[in-house]
Amino acid sequence: MHTVYTCFCTDIIHEGHLNIIKEAMKLGRVVVGALSDKALLRYNKFPTVSLEERLKLYRSIEGVSEVVVQNDMLYDDIIESLKPDYIIHGDNWKTGPTSAIRTHVREKVAEYGGAVVDVPYTYNEKVKKADKLLREKLAMPEYRRKRLKQLIDICPIVKIIEAHSGLTGLIAEKTVVENNGRLDQFDGMWVSSLCDSTAKGKPDIELVDMSSRLRTIDDIMEVTTKPIIFDGDTGGLTEHFVYNIRTLERMGVSAIIIEDKKGLKKNSLFGTEVSQTQATIEEFCDKISAGKRIQLTEDFMIIARIESLILEQGMDDALNRAFAYVEAGADGIMIHSRKKSPDEILEFCDEFRSKNKKTPIVVVPSSFNTITEEELAEHGVNIVIYANQLTRSAFPSMQKTAEDILRYHRAKEVDDRLLPIKEIITLIDEL
Ligand code: SPV
Ligand code: MG
C-alpha cells in the first residue's frame, strides 16, 4: 500500500480539498498534514482556529487515514519521517513563489523514488467565496487586534512595514517573495505619523488631527487583514489619550506606540537639531497607566517609546525609563536611535534583556539600516518596523515621472517604468 501525503493550510474544507483527497485515495493510504501556525504565517495564511481544531477538522474528512503536523514549509520534516510515495497538491503551486517549494519537494522525494502529483486546482465560485469568507473573518476587529500578540509568540521577529493608504496597505498585505525556496512576507503595518503627514503634504508635528489619522487607518483596514501598529506620537493630553485608546481598540488596531516627548513634537530623525522636550518619567508613566486602565481587551498593546538616545540623554536614562515604563504597565518598549551604527541600540537591548526577558522590544532601523533582522532577534528584539521606506521610494519615482513628462511634452518616454494599465485596474480586488 502506497502512502499519499497532502498538506492543508486551511481553516475550512471546501470541494477543492475534497477533490485532492478523492484523487489521493486512488493512489493509496491518505495522510494529511496540518501546517503549523509558524509555517502558516509565512504562507500568507494566518490561522483563525487553533492547530488542535484544524487537526480535528482534517481527521473528520472521509478517506483520511492519518493526520500529522507539518512544521516545515518545505516539507523536509514530513519527507524524512513519512517518506511518502506520493505528495499530492493542487497544480496552482506550479507557478508563482510556491513553485520553488514544489521544485524542492520533487527533488527530495525523487531521492528515494517518490513523486509529486499535481491535480487540477479547483477554483469555482464556491471555493472563491470560501477563501473570501476566511479573509473577511481575519479582517474583523476581534481577529485582527489579537494577531500582533500571537505573532510575537510565534515569530523569531515580527516584520512590520509602513502603510499610509489603501494602496500601501495592499502592498504590505500582498507582497510575497521567495527566498532560498521559502516564502516570506510582512506580518503587519505601521501607520507612521511621518508618512501619514507626508502623504498629506504636512509636517510631522502632530498637525494631522486624530480624525484624519483614524480615516487613514480605516482606509487601510478596508483592504487588508494584517495587524496594525499605530504611531501615536506623544499620545497628546492624557485626558484625550484615553478616548483614543478606546477608539483604536474598538477599531481592531493591535498596538499604539507613544513617545516620551511633550510640547511641540518634531520628528525624531531631527534629533537635537531642533528643540524637543522629553516628558519626565513620572508624567509619561501616568499617561501609560491611564491608557492601560481604560483598555478593555487583553489583546491591545500600549508600547512606550524612549527618546533618550535621540535626545542624547545617555544609556542609563534610556534604561531607567524602560524599566519605569514597564512598571507603569507598558506592554512593550520601543528604543529609537538616529545613529548610523546599531551599537547603542544593541547595547540597550542587551542591558534591558539582562533584567527583563519578556517585555517585547521594538526597533525602527531607518538610520542603522545595515543590521539584519536575524541579528536584531539575537539581541532580543521582537518587532522590527520599516517605518518610511515605501514613502521614500515612491516620492523620487513620482517626481522623476513628472519631470520627464514636462521635459518631453508627452508621456511616451516614461511609459517603460509604469505599471501597465491592465495591471493597475486589476490590482484592487473586487467584492
Ligand atoms: C514615524 O514613522 O513617524 C516615526 C519613526 O515616528 S521616525 O520617523 O523614525 O521617528
Ligand atoms: Mg512618528
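Which strands does helix α13 lie across, and at about what angle does it run to β14? In this predicted model, helix α13 (residues 315-327) lies across β14 (301-306) and β15 (332-335), and its direction makes about 165 degrees with that of β14.

Both of these strands belong to a closed barrel of 8 strands, which runs β6-β9-β10-β11-β14-β15-β16-β17 with parallel pairing. Within this sheet, neighbouring strands are turned against each other by 25 degrees on average, direction ignored. A second helix, α10 (residues 210-223), also packs on the sheet, where it touches β9 (188-191) and β10 and makes about 160 degrees with the direction of β10. Strand β6 (residues 158-162) pairs in the parallel sense with strand β17 (residues 383-386) over 4 bridges, and in this region Lys159 is placed opposite Val384 in β17.

The helix angles are set out below.

| Helix | Strands touched or crossed | Angle |
|---|---|---|
| α10 (residues 210-223) | β9 (188-191) and β10 | about 160 degrees with β10 |
| α13 (residues 315-327) | β14 (301-306) and β15 (332-335) | about 165 degrees to β14 |

Strand β10 also takes part in the metal site. The magnesium ion (ligand 2) is coordinated by Ser193 through OG and by Asp231 through OD, at 2.1 to 2.2 Å. These two residues link distant parts of the chain, since Ser193 is in helix α9 (residues 193-199) whereas Asp231 is in strand β10 (residues 228-231), 38 residues apart. Ser193 has a relative accessible area of 2% and therefore counts as buried, and Asp231, with a relative accessible area of 4%, is likewise buried because the cut-off is under 20%.

Conventions: Residues numbered from 1 in each chain as written. Chains lettered and ligands numbered in written order. Predicted model: local features only at pLDDT ≥ 70, side-chain atom pairs only at ≥ 80, totals over all residues. Heavy atoms only, no water. Donors = N, O, S within 2.8 Å, 3.2 Å for Na, K, Ca; no water. Buried < 20%, exposed > 50% of the residue type's maximum accessible area, 1.4 Å probe, protein only. Pairing = 2+ DSSP bridges. Axes fitted to C-alpha atoms, helices over the stretch in contact; angles between N-to-C directions. Contact = heavy atoms within 4.5 Å.
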